[in-house]
Amino acid sequence: MSSIRTVCGDPSDTFERYAVGLARQDRLPTEKRADDKRWRRQTLLLELGRLGVQGWPLHRTLTTTGRLPDGCRPCLEGRGSNLCMTTRCNRDCFFCFNPKPRADGMSVHGRPAKTPAEAVEILAGLDIASLGLSGGEPLLDLDLLFGLVRAVRSRFGPAMRIDLYTNGDLLTRALAEDLKREGVNGLRVNLAARDYDAQPVRVALEAGLPAEVEIPAVPEDEARAREMMEQLDAMGAPHLILHELFATGQNLDALESRRLEAKGEEPSAALAWSAVSESEETAYRLLAHALRRKMRLSVYYCSCGTQQWIAESALARAGRIHD
Ligand code: SF4
């Protein structure tokens, strides 16, 4: 019997293991000179405004072109969900928020499913328009992955957007073509997991499979992220999604061992994770770089403020549905 219950039923084992990590009370030490850093963030935000950034500055949700990634629009409206296929992965990134030890077992919107058919049944009870298939690394189990894609397509037709989250290590041209043929709309490739090497994006684009890059804005990696942006822009990649680096119980020790600190602001009541110091400044400078270079690559910043906004919208939406 599960020890945590939700209004939607028993949670998946993966969800419970996330929850145990999220429930850790300890935090990173708060950044020093927090007022100076807040002022620096405001200054950078004003500069971004002068450069023509668009979006929702109050929520720290920004885009260099006004074009949002297709999967982000339903997510911002609270109509996106996630299916975590496994927490197993061939990498061990310091920023990873997946629970350890890594384990198999699907988690669909926080609920367990043993088969693609069960997963689709859970999804059918949600009012969603986009689905992120994630891990761990989904390409480690192609039978399950293709089974899920086929089951989702057969149940929802083309209306459901499917984004596949991957580190790209195992992607080949033939696999990218198969994914496209079976109905995956696009890849979200975490190039921070592979030292900012953009080769999987090139492979996907050559196969005609749209590929976006999604990375945490890691302060110490800013120069490498900037180089990666130049490469992505040159190869015609459409979107780079920058996340604010955040601390959870799962990655806290790894972040602490790198002497990272927490941003000096009250953690949001709507979120069970908190922003890491200097990540937002890093993201702002990368946005400014794209604007100054007039890149075709559209850079989108999804901050902890954005996540808070999404969480609050989803709660409000659930309230409206249950009224
Ligand atoms: S590639 Fe992704 S799932 Fe794998 S360890 Fe890195 S962040 Fe975690």
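## Arg 188, a buried charge

Let's start inside the protein, with Arg 188, which sits in strand 8. In this predicted model, Arg 188 counts as buried because 21 other C-beta atoms lie within 10 Å, and the cut-off for that label is 20 or more. Leaving aside residues up to four places away in sequence, Arg 188 touches Asp 163, Leu 164, Tyr 165, Glu 212 and Glu 214.

Thr 166 is a useful landmark here. Arg 188 and Thr 166 are 22 residues apart in sequence, while their C-alpha atoms are 6.3 Å apart in space.

## Strand 7, enclosed

Several of those contacts lead us to strand 7, which covers residues 161–166. Six of its six residues are buried, so strand 7 is largely enclosed by the rest of the structure. Arg 161, Asp 163 and Tyr 165 point one way from the strand, Ile 162, Leu 164 and Thr 166 point the other way, and all are buried.

Which strand runs parallel to strand 7, joined by four bridges? That partner is strand 6. To find the pairing on screen, look for Leu 133, whose bridge partner in strand 7 is Leu 164.

## The sheet as a whole

Now step back to the wider sheet. Eleven strands form an open sheet with mixed pairing, in the order 1-2-13-10-9-8-7-6-3-4-5. Strand 1 (54–56) and strand 5 (111–113) stand at the edges; each has a single partner strand, so one side of each is left without a neighbour in the sheet. On average, neighbouring strands are turned by 20° against each other, direction ignored.

Helix 7, residues 199–206, packs on this sheet and touches strand 8 (186–189) and strand 9 (211–217). The direction of helix 7 makes about 160° with that of strand 9. Elsewhere in the sheet, strand 2 (residues 61–63) pairs with strand 13 (residues 298–302) in the antiparallel sense, over three bridges. One of the pairs to look for is Leu 62 with its bridge partner Tyr 301 in strand 13.

## Helix 4 and its two faces

Helix 4 spans residues 116–124, and its buried residues are Pro 116, Ala 119, Val 120, Ile 122 and Leu 123. Seen down the helix axis, these buried residues fall within an arc of 160°, so they line one face of helix 4. What do they pack against? The buried residues of helix 4 meet strand 3, strand 4, strand 5, strand 6 and helix 5.

The face turned away from that buried side carries the exposed residues Ala 117 and Ala 124.

## Unusual backbone spots

A little background helps before the next stop. Most residues other than glycine have a negative phi, and most peptide bonds are trans.

Two residues here go against the phi trend. Arg 60, in the loop between strand 1 and strand 2, has a positive phi near 55°. Arg 60 also counts as buried, because 22 other C-beta atoms lie within 10 Å. Glu 278, in the loop between strand 12 (274–275) and helix 10 (279–292), has a positive phi of about 75°. Glu 278 is buried too, because it has 21 C-beta neighbours inside 10 Å.

There are also cis peptide bonds to find. The bond from Lys 100 to Pro 101 is cis, with omega near -5°, and Pro 101 lies in the loop between strand 3 (80–86) and strand 4 (104–108). The bond from Gly 135 to Gly 136 is cis as well, with omega near 15°. Gly 136 is in the loop between strand 6 (130–134) and helix 5 (142–156).

## Around the ligand

Gly 135 and Gly 136 appear again among the residues around the ligand. The others in that shell are Cys 89, Arg 91, Asp 92, Cys 93, Cys 96, Asn 98, Glu 137, Asn 167, Asn 190 and Ala 193.

How does this shell divide into nonpolar, polar and charged residues? Four are nonpolar, five are polar and three are charged.

## The whole chain

Finally, here is the overall picture. The protein chain has eleven helices and 13 strands, and 43% of its 323 residues count as buried. Among contacts with a separation of 6 or more, 78% are between residues 24 or more positions apart.

Definitions and conventions:
Residues numbered from 1 in each chain as written. Predicted model: local features only at pLDDT ≥ 70, side-chain atom pairs only at ≥ 80, totals over all residues. Near = placed C-beta within 6 Å. Nonpolar A, V, L, I, M, F, W, Y, C, P; charged D, E, K, R; others polar. Pairing = 2+ DSSP bridges. Axes fitted to C-alpha atoms, helices over the stretch in contact; angles between N-to-C directions. Contact = placed C-beta atoms within 7 Å. Buried ≥ 20, exposed ≤ 12 C-beta atoms within 10 Å, placed from the backbone. Arc of directions from axis to C-beta.
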